[in-house]
Amino acid sequence: MDNAHHPVRLSLDELRTLAIKILQAHGLASDHAEAVAATVVAGERDGCTSHGAYRLIVCARTLQQGNVIKDAVPEVTHPSPALTKVNAHGGFAQLAFSAGVSHLADKVKKFGISALALNNCVHFAALWPEVEAMAERGLVAIACTPSHAWVAPAGGTKPVFGTNPIAFGWPRPGRYPFVFDFATSATARGEIELHNRENKPIPLGWGLDKEGNPTTSAEAALAGAMQTFGGHKGSALAMMIELLGGPLIGDMTSLESIQVDAGRKSSPIGGELIIAIDPEGFLGLSAAAHIARAEKVFDAITRQGARLPSERRYKARARSLSEGVELPCRLYAELIALSHKEE
């Protein structure tokens, strides 16, 4: 058998080391590299391949084109007692979140509800790491962000929205949190990019070609427009996220972000809003009892054989922690080549 086409197995530590090497080879400061690598490894660990190691190629392209400030220092401000803003100054979002998360956690414990706005940050990753981190602290969390204008509104054919994901986290005592994270587009853009890399057709409903016709060609959809999930419902949610993660926090819409990109095809730049709620702020000493009541809803779902969102991720996580992850040989070769680049 020809091993050249077999997947390459790496431990999570090996993948993390490779990710940091690639990012630093392209000039990213060490603190940013470690934060970005952690997110990439988490995606691959949890079986989210479109947001895992593949994203290192996207990061490298963004760094090569100068569309991210490689040594940006996040700046934390407090516009009001319950609110925190972090200006990423053009850096990746991960370090900005790290700079603001402790302030968010402290304020939500004090006020019961608090919000964190990340501004002027380059965003390429999933949102579930943010809401999961808050849920692990016993908090309920919602996060959303616009992106580049890749997605047509329901009934339209021209891109206006980003993939505009929204994520939610709910604490579950003694268990992994309940977490969902999905794009308001029919799929994540990374999924279409992976289909294009593998010359695989996409399902109808994912995208339109340049003329506005439904297409199964990943290449045509990337050149044309993506579609929202659920027709007008997904379109309305996408618009909500444009407003919450854009004008409400003083940042760009997806249309503005892609105009700034000017055809370079780098990662989106803009804002992210994270809202956290402390159940004790509403419920006081009875919070634990009411959180426990919520478990009956989860049980009613799983008893009938239905799967909770994030269950697959957690199963993949358990497997990856013991067995490592497998990367397609082509992707691994590209990553190794990127790790040898010198400025």
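The following paragraphs lead through two sheets, a helix pair and one buried serine of this predicted model.

The account may begin with the seven-stranded sheet. This sheet is open, its pairing is mixed, and its strands follow the order β2-β3-β4-β12-β5-β7-β8. Its edges are formed by β2 and β8 (178-182), each of which pairs on one side only. On average, neighbouring strands here are turned by 15 degrees against each other, direction being ignored.

At the β2 edge, strand β2 (residues 75-80) pairs with strand β3 (residues 83-87) in the antiparallel sense, over four bridges. A hairpin of two residues provides the connection from β2 to β3. Two of the bridge partnerships can be followed residue by residue: Ser80 has Leu83 in β3 as its partner, while Glu75 is partnered by Asn87 of β3.

A helix also lies against this sheet. Helix α4 (residues 93-111) packs on the sheet and touches β2, β3, β4 (113-122) and β12 (269-277). The direction of α4 makes about 170 degrees with that of β4. Because angles over 145 degrees count as roughly antiparallel, α4 and β4 are roughly antiparallel in direction.

The second sheet is built from four strands. It is likewise open with mixed pairing, and the order is β6-β11-β9-β10. Strands β6 (151-152) and β10 (214-215) are the edge strands, each pairing on one side only. Strand β6 runs parallel to strand β11 (residues 225-227), to which two bridges join it. Within this pair, Ala152 stands opposite Gln227 of β11.

Attention now turns to the packing of two helices. The axes of helix α1 (residues 12-25) and helix α3 (residues 55-64) come within 9 Å of each other and cross at roughly 15 degrees. The two helices are therefore roughly parallel, and their crossing is right-handed. On the α1 side the contact is made by Ala19, Ile22 and Leu23, and on the α3 side by Leu56, Cys59 and Leu63. These contact residues comprise six nonpolar ones, with no polar and no charged residue among them.

A final site is found at Ser320, which is placed in helix α12 (residues 311-323). Is Ser320 buried or exposed? Its relative accessibility is 8%, so Ser320 counts as buried. Leaving aside residues up to four places away in sequence, Ser320 touches Leu12, Glu44, Arg45 and Val325. One of these, Leu12, belongs to helix α1 (residues 12-25), the helix described above in contact with α3.

How values were computed: Residues are numbered from 1 along each chain as its sequence is written. This is a predicted model: local features need pLDDT of at least 70, side-chain atom pairs count only at pLDDT 80 or more; totals for chains, interfaces and linings use all residues. Side-chain values use heavy atoms; hydrogens and water are left out. Axes are lines fitted to C-alpha atoms, for helices over the stretch in contact, and angles run from 0 to 180 degrees between N-to-C directions. Angles under 35 degrees count as roughly parallel, over 145 as roughly antiparallel, 65 to 115 as roughly perpendicular and the rest as oblique. A crossing is left-handed if the near helix is turned anticlockwise from the far one by less than a right angle, and right-handed if clockwise. Contact means heavy atoms within 4.5 Å. Ala, Val, Leu, Ile, Met, Phe, Trp, Tyr, Cys and Pro count as nonpolar, Asp, Glu, Lys and Arg as charged, and the others, Gly among them, as polar. Buried means under 20% relative accessible area, exposed over 50%, partly exposed in between (1.4 Å probe, protein chains only). Two strands pair if DSSP finds at least two bridges between them.
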